[in-house]
Each structure stands twice: as structure tokens, then as C-alpha cells.
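Dear colleague,

I am passing on a structure for you to look at, with some notes on what was found in it. Please open it alongside this message.

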Amino acid sequence: MGRAYVLDHPLIQHKLTFIRSKDTSTKEFRELVEEVAMLMAYEITRDLPLVETTVETPLGTARCRVIDGKTLALVPVLRAGLGMVGGILHLIPNAKVGHVGLYRDPETLQPVEYYCKLPPHMDLRDVIVIDPMLATGGSASAAITAVKERGASSIKLMCLVAAPEGIRRVQETHPDVDIYTAAIDDCLNDHGYIVPGLGDAGDRLFGTK
């Protein structure tokens with residue numbers, strides 16, 4: 001069973017406080033989300049495999065280590081996931097970026113894939129699926145399914161805030177995927193929003209309603 005990790009670094013928790021605030025402007029919200037994503041990526045990539053190499057310094061030869069294998073693939077769930085990509089790319093500029101677009105069928109209430117464009121060689125990459133709000137878990141689970149269907153097997157899920165219901169659904173549908181979040185909140189309300197949460201992440205990132 002995949003585990004759910006709360007990244008409780010003081011800088012992450014400090015910035016999340018202002019992300020939650022209804023008084024935070026769109027500009028500040030975007031900047032804070034990018035900053036938290038970068039800090040979370042530092043923690044999530046802690047176990048990337050390394051191989052030894054050598055480099056010539058001004059004074060001699062140094063034995064060093066570099067990340068093994070192909071670069072990471074970041075796969076944000078459209079559209080809110082886009083707000084976290086920039087922060088991760090500041091830290092890992094060589095990461096490849098794919099996109100998964102989903103909408104909820106109004107009759108079945110199930111997520112439907114309408115777009116998926118991923119980097120090549122997904123079977124050789126470590127993949128981070130990015131969905132800022134893990135509410136019901138439907139979109140995140142569908143996005144993970146989409147990348148698995150295209151060859152990925154080493155997958156982690158990154159969110160800003162998660163509800164217990166969403167964590168359970170991802171763990172049930174994808175027990176091989178670990179979840180990394182900055183907070184686990186109380187519950188979902190009748191409209192499927194995380195409480196206390198931070199509102200609609202997409203609307204707050206892009207200034208829409």
C-alpha cells in the first residue's frame with residue numbers, strides 16, 4: 001500500500017498558511033504555490049538514484065555523483081497543476097513536462113480524459129503527477145491511470161492539500177503510488193471541496209471564478 005507523507009518542513013508550512021488565506025492576492029498566491037512546489041520537490045526527490053562520475057576541478061579530479069537514468073517527468077493535471085510546475089523546474093530545469101486534461105462527466109460524475117501529451121520513454125522515467133487539491137481523488141486516480149497506460153511505473157503524487165477521502169481512493173486504486181502533501185485536512189463538504197482547504201486552486205491561480 002502506498003504511503004501518504006505530510007511534508008512538514010517549517011518553510012512549507014509557513015507559506016501554506018498564506019496560500020490558504022482568502023486575503024492573499026492572485027499574484028502572491030501564484031508565487032507562494034511555486035515556492036512551496038519547489039520546496040516539496042526537494043523532499044520528494046530525496047531517493048532518486050545516483051551514479052558515480054568524475055569531474056576536473058581547477059585543482060584536480062573529484063569523484064562525484066549525478067542522478068542516474070533519464071530525467072524526471074512532471075505531469076500536472078490541467079489546469080491547477082500548472083501552477084506548481086514552474087517551482088519544480090526552478091529546482092530541476094531538465095525535467096520533462098507532460099499534461100493530462102480531465103473533466104467530470106455531469107451525469108456519471110466520473111473523470112473523463114480529454115487530453116494527454118507525455119514525454120517519450122515514460123517507462124524509464126520517475127514521474128511526479130501534480131494535482132494541487134486531492135479532494136475526492138477521482139482526477140488524481142484517473143491521471144495516474146493515464147500515465148500508467150502509457151508505460152510509466154515509477155510514480156509519485158504531489159498535492160498541496162489532501163482530504164482523507166482522496167487519499168483513500170488513490171491508495172485503493174493505485175496502491176503502488178506514494179502521496180506527498182503539505183497538509184491533510186478534515187474532510188470534504190457537500191460540494192466536494194476540501195475543508196478548510198484553500199478554495200478552488202485553479203480559480204485562485206488564474207483569477208477566474
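The notes below take up a helix pair and then the annotated binding-site residues.

Please keep in mind throughout that this is a predicted model.

Two packed helices are described by the angle between their axes and the distance between the axes. Here helix H2, which covers residues 26-44, packs against helix H3, residues 82-91, at an angle of about 50 degrees and with the axes 7 Å apart. H2 is therefore oblique to H3, and the crossing of H2 past H3 is right-handed. On the H2 side the contact is made by Val-33, Glu-34, Ala-37, Met-38, Met-40, Ala-41 and Tyr-42, while H3 contributes Gly-83, Met-84, Gly-86, Gly-87, Ile-88, His-90 and Leu-91. Sorted by character, the residues of this contact between H2 and H3 comprise nine nonpolar, four polar and one charged.

Turning to the record, an unreviewed UniProt entry gives the feature "binding site" at Ile-194, Gly-199, Asp-200 and Ala-201, and from this set Ile-194, Gly-199, Asp-200 and Ala-201 are found in the lining of the largest pocket. Ile-194 is located in strand S13, residues 194-195.

The "binding site" annotation from UniProt (unreviewed entry) also covers Arg-79, Arg-104, Asp-131, Pro-132, Met-133, Leu-134, Ala-135, Thr-136, Gly-137, Gly-138, Ser-139 and Asp-200. From this set, the lining of the largest pocket includes Arg-79, Arg-104, Asp-131, Met-133, Ala-135, Thr-136, Gly-137, Gly-138, Ser-139 and Asp-200. Arg-104 belongs to strand S6, which spans residues 99-104.

With best wishes

Notes:
Residues numbered from 1 in each chain as written. Predicted model: local features only at pLDDT ≥ 70, side-chain atom pairs only at ≥ 80, totals over all residues. Heavy atoms only, no water. Axes fitted to C-alpha atoms, helices over the stretch in contact; angles between N-to-C directions. Helix = DSSP H or I, 4+ residues; strand = E, 2+ residues; numbered from the N terminus. Parallel < 35°, antiparallel > 145°, perpendicular 65-115°, else oblique. Left-handed = near helix turned anticlockwise from the far one by under 90°. Contact = heavy atoms within 4.5 Å. Nonpolar A, V, L, I, M, F, W, Y, C, P; charged D, E, K, R; others polar. UniProt positions renumbered as here; feature names shortened; annotations may be inferred. 1 Å grid on protein atoms, 1.4 Å probe; cavity = no way out; pocket = protein on both sides within 12 Å on 5 of 7 lines; lining within 4 Å.
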